[in-house]
Amino acid sequence: MKTDLFDDLSIAASVLDSDRWNNTNFLLDCWDTYEPYADADFRTELNRAITDLSAHQTPSPDRTRACDLLQQRYWEMLTGMALLSAGFQLIEYANRTSAGPDHLVDLDGRRLWIECTAPGPGTTADRVPETKISTTPTVSEVPNDQITLRLSGAIKTKQAIYKDQYLTDGIADEDDLFIIAVNGRNTSVLPADDSPPRILKYLYRLGPIAASFDLDTNKFSDPYLTLRNEIPRITGDPIPTGAFANGNLPHVSGVIYSHCDPWNRGPSFQRSIVLVPNGTASNPLSRNFCLPFHCWHVENKGKESIVRLSNPGEF
């Protein structure tokens with residue numbers, strides 16, 4: 001039996017809609033398809049977040065918690081819709097034998113688990129600093145390191161839960177595939193990601209773009225990506241980068257990533273989602289799984305890295 005997504009459509013519209021996007025209609029359309037795949041608490045928590053956002057319209061801890069909850073549930077739905085629109089067989093929640101990660105996909109008889117996470121800016125000294133909105137033009141440094149630390153922390157946390165809980169308890173098997181779906185929008189108010197994405201740079205130890213200058217010819221070389229082995233922290237030792245390149249996340253088959261939120265999804269939510277396969281995974285993703293996605297590929301050559309983004313159908 002179909003259930004309405006929103007408890008109060010007018011409150012949802014006041015929170016979600018804008019002059020540019022009718023986001024309530026978008027979510028309603030998604031719900032028509034996604035409802036059988038949502039867990040029992042999905043609708044309750046989504047509506048609680050919307051109600052709290054309506055009640056707390058100025059910055060406050062309550063509003064931050066509501067934003068985090070809305071983003072988490074929105075990201076779960078968007079990830080599920082991306083899988084369904086790509087033609088994958090998502091298992092309905094009622095037909096799953098155990099709870100486990102957020103999504104379960106049947107890949108021709110092989111199980112693929114997907115766990116979604118939408119980290120916030122953090123609370124320690126390494127948190128992403130608050131961006132102050134000014135009415136006059138200002139210049140400030142983008143907190144790339146702090147944002148990347150939040151993304152890396154989310155990946156490590158979900159990988160540890162999969163290994164120490166789902167595998168240990170027998171919910172997942174050693175030959176199952178596992179993807180962590182990360183949404184970075186809540187780490188910062190900045191509306192855009194880096195290029196290539198910060199999460200790709202972390203997973204494959206990519207550094208800033210550089211170019212060499214030839215003193216004899218007075219010409220610059222073509223730009224290239226340097227390598228970066230660690231990210232400094234205030235609260236402890238530096239965090240090593242290159243978790244995929246160095247084989248440090250063998251249980252993670254890949255990472256799905258997006259920077260969109262309920263208010264900034266673009267004309268096509270599929271275009272906002274990218275896939276980063278793990279070439280050193282114990283259970284790597286197949287070519288057929290990667291084909292429907294915008295997919296990042298990395299090849300390290302000495303001090304340089306070759307990075308390529310393939311469009312759907314071009315893997």
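# Strands, a helix and a pocket: a working chat

Mentor: Let's start in strand 4 of this predicted model: Leu177, Ile179, Ala181 and Asn183 point one way, Phe178, Ile180 and Val182 point the other way, and all are buried.

Trainee: Nice place to start. What's the general rule behind side chains pointing two ways?

Mentor: In a regular strand, side chains alternate between the two faces of the sheet.

Trainee: And how many residues of strand 4 are buried overall?

Mentor: The count is 7 of the 7 residues, so strand 4 is largely enclosed by the rest of the structure.

Trainee: Which strands pair with strand 4, and in what sense, parallel or antiparallel?

Mentor: Strand 3 pairs with strand 4 in the parallel sense, over 6 bridges. Strand 11, residues 254-258, also runs parallel to strand 4, and 5 bridges join the two.

Trainee: Which residues stand opposite each other there?

Mentor: Between strands 3 and 4, Ile114 stands opposite Ile179, and Thr117 stands opposite Val182. Towards strand 11, Ile180 stands opposite Val255.

Trainee: What about strand 3 itself, how many of its residues are buried?

Mentor: In strand 3, 6 of the 8 residues are buried, so this strand too is largely enclosed by the rest of the structure.

Trainee: Which way does strand 2 run against strand 3, parallel or antiparallel?

Mentor: Antiparallel, with 5 bridges joining them. Val105, for instance, has Leu112 in strand 3 as its bridge partner. The two strands form a hairpin with 2 residues between them.

Trainee: What does the backbone do at Asp108 in that hairpin?

Mentor: Asp108 takes a positive phi near 50°, although it is not a glycine. Asp108 lies in the loop between strand 2 (103-107) and strand 3 (110-117).

Trainee: Remind me what's usual for phi and for peptide bonds?

Mentor: Most residues other than glycine have a negative phi, and most peptide bonds are trans.

Trainee: Is Asp108 buried or exposed?

Mentor: Exposed: its relative accessible area is 84%, and the cut-off for exposed is over 50%.

Trainee: Which other non-glycine residue has a positive phi?

Mentor: Arg205 has one, at about 45°. Arg205 is found in the loop between helix 6 and strand 5 (206-210).

Trainee: And where is there a cis peptide bond?

Mentor: From Ser195 to Pro196, with omega near -5°. Pro196 is in the loop between strand 4 (177-183) and helix 6 (198-203).

Trainee: Switching to helices. Which residues of helix 1 are buried?

Mentor: Helix 1 covers residues 9-16, and Ala12, Val15 and Leu16 are buried in it. Looking down the axis of helix 1, these buried residues fall within an arc of 80°, so they line one face of the helix.

Trainee: Why would residues a few places apart share a face?

Mentor: An α-helix has 3.6 residues a turn, so residues three or four places apart point the same way.

Trainee: What's on the other side of helix 1, and what covers the buried residues?

Mentor: Ser10 and Ser14 are exposed on the other side. The cover over the buried residues includes helix 2 (23-34), helix 3 (42-55) and helix 4 (61-85).

Trainee: Okay, pockets. How much space lies in the largest pocket?

Mentor: About 840 Å³. The lining has 23 residues, and Thr64, Cys67, Asn186, Ser188 and Val189 lie nearest the centre.

Trainee: How does that lining split by class?

Mentor: The largest pocket is lined by 10 nonpolar, 8 polar and 5 charged residues.

Trainee: Last topic: Ile231. Where does Ile231 lie, and is it buried or exposed?

Mentor: Ile231 is in strand 9, residues 230-231, and is buried, with a relative accessible area of 2%.

Trainee: What is Ile231 in contact with?

Mentor: Setting aside neighbours within four places in sequence, Ile231 is in contact with Asp145, Thr148, Leu149, Pro238, Ile239 and Thr241.

Trainee: And Leu227, which strand is that in, and how accessible is it?

Mentor: Leu227 lies in strand 8, residues 224-227. With 24% relative accessibility, Leu227 counts as partly exposed.

Trainee: How far is Leu227 from Val182, back in strand 4?

Mentor: Their C-alpha atoms are 23 Å apart in space, and the two residues are 45 apart in sequence.

Notes: Residues numbered from 1 in each chain as written. Predicted model: local features only at pLDDT ≥ 70, side-chain atom pairs only at ≥ 80, totals over all residues. Heavy atoms only, no water. Helix = DSSP H or I, 4+ residues; strand = E, 2+ residues; numbered from the N terminus. Buried < 20%, exposed > 50% of the residue type's maximum accessible area, 1.4 Å probe, protein only. Pairing = 2+ DSSP bridges. 1 Å grid on protein atoms, 1.4 Å probe; cavity = no way out; pocket = protein on both sides within 12 Å on 5 of 7 lines; lining within 4 Å. Points joined across faces, edges and corners; volume = space filled by probe spheres on them. Nonpolar A, V, L, I, M, F, W, Y, C, P; charged D, E, K, R; others polar. Arc of directions from axis to C-beta. Contact = heavy atoms within 4.5 Å.
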